[in-house]
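Me: I would like a close look at a single part of this model. Please take one hairpin as the starting point and then follow its connections outward in a single connected account.

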Amino acid sequence: LRRQGSERMLVVVPVHAATLLEGSDVPQIAPSRWGDTEVLLPPGTASNAWFDVTTGRRRKSVSRRLKVADLLAELPVAVLRDAARG
């Protein structure tokens, strides 16, 4: 999570994920492989509304948590903008 003034951006990128690829030729991990893995947003992150600039979809966090299976279902990376702040 990065902040500049009231702007917030969150980038989600898997690391050390080779075993999750199951020998695939593309860097897309099946959503089912993520199980219940979540991104925990830092304290003070009050917003629960996020806009995924890579897919154009809106995302909601619950109790400062975002499900990785949802974030990375379409692409192997997610770039989220705090939708509540602009």
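Reply: This model is predicted, and the account begins with the hairpin of strand 1 and strand 2. Two residues lie between the strands of this hairpin, and Gly5 takes a positive phi near 65 degrees. Strand 1 covers residues 2-4, and its pairing with strand 2 is antiparallel, with three bridges. One residue pair shows the register: Arg3 has Arg8 in strand 2 as its bridge partner.

Strand 2 itself deserves attention. Its residues are 7-12, and the side chains alternate along the strand. Arg8, Leu10 and Val12 point to one face and are buried. Glu7, Met9 and Val11 point to the other face and are not buried. Arg8 therefore appears in two roles, as a buried residue with under 20% relative accessible area and as the bridge partner of Arg3.

Strand 2 also leads onward to strand 7, residues 78-82. The two run antiparallel and are joined by four bridges. Here Val11 stands opposite Val79 in strand 7.

Strand 7 in turn leads to strand 4, since these two strands also pair in the antiparallel sense, over three bridges. Within that pairing, Trp50 has Asp82 in strand 7 as its bridge partner. Strand 4 does not repeat the pattern of burial described for strand 2: both of its faces are covered. Ala49 and Phe51 are buried on one side, and Trp50 and Asp52 are buried on the other.

From strand 4 the path continues to strand 5. These strands are antiparallel and share three bridges, with Ala49 opposite Lys60 in strand 5. Together they form a hairpin that has five residues between the strands. In its turn, Gly56 has a positive phi of about 80 degrees. A glycine with positive phi is thus found both in this hairpin and in the hairpin of strand 1 and strand 2.

The loop between strand 4 and strand 5 introduces another kind of contact. Side chains of opposite charge can pair when their charged atoms come close. The side chains of Arg57 and Glu74 form a salt bridge, at 2.7 Å from N to O. Arg57 is in the loop between strand 4 and strand 5, whereas Glu74 is in the loop between helix 1 and strand 7, so this pair links distant parts of the chain, 17 residues apart. Arg57 is partly exposed at 43% relative accessibility, and Glu74 is partly exposed at 41%.

The model has four salt bridges in total, and Glu38 takes part in a network of them with Arg65 and Lys67. The side chains of Glu38 and Arg65 meet at 3.4 Å, N to O. This pair also links distant parts of the chain, as Arg65 is in strand 6 and Glu38 in strand 3, 27 residues apart. Glu38 forms a salt bridge with Lys67 as well, and the closest N and O atoms of that pair are 3.8 Å apart. Because Glu38 lies in strand 3 and Lys67 in strand 6, the pair ties together parts that are 29 residues apart in sequence.

The three members of the network are described alike in terms of accessibility. Glu38 is partly exposed, with a relative accessible area of 33%. Arg65 is partly exposed at 37%, and Lys67 is partly exposed at 45%.

Key: Residues numbered from 1 in each chain as written. Predicted model: local features only at pLDDT ≥ 70, side-chain atom pairs only at ≥ 80, totals over all residues. Heavy atoms only, no water. Buried < 20%, exposed > 50% of the residue type's maximum accessible area, 1.4 Å probe, protein only. Pairing = 2+ DSSP bridges.
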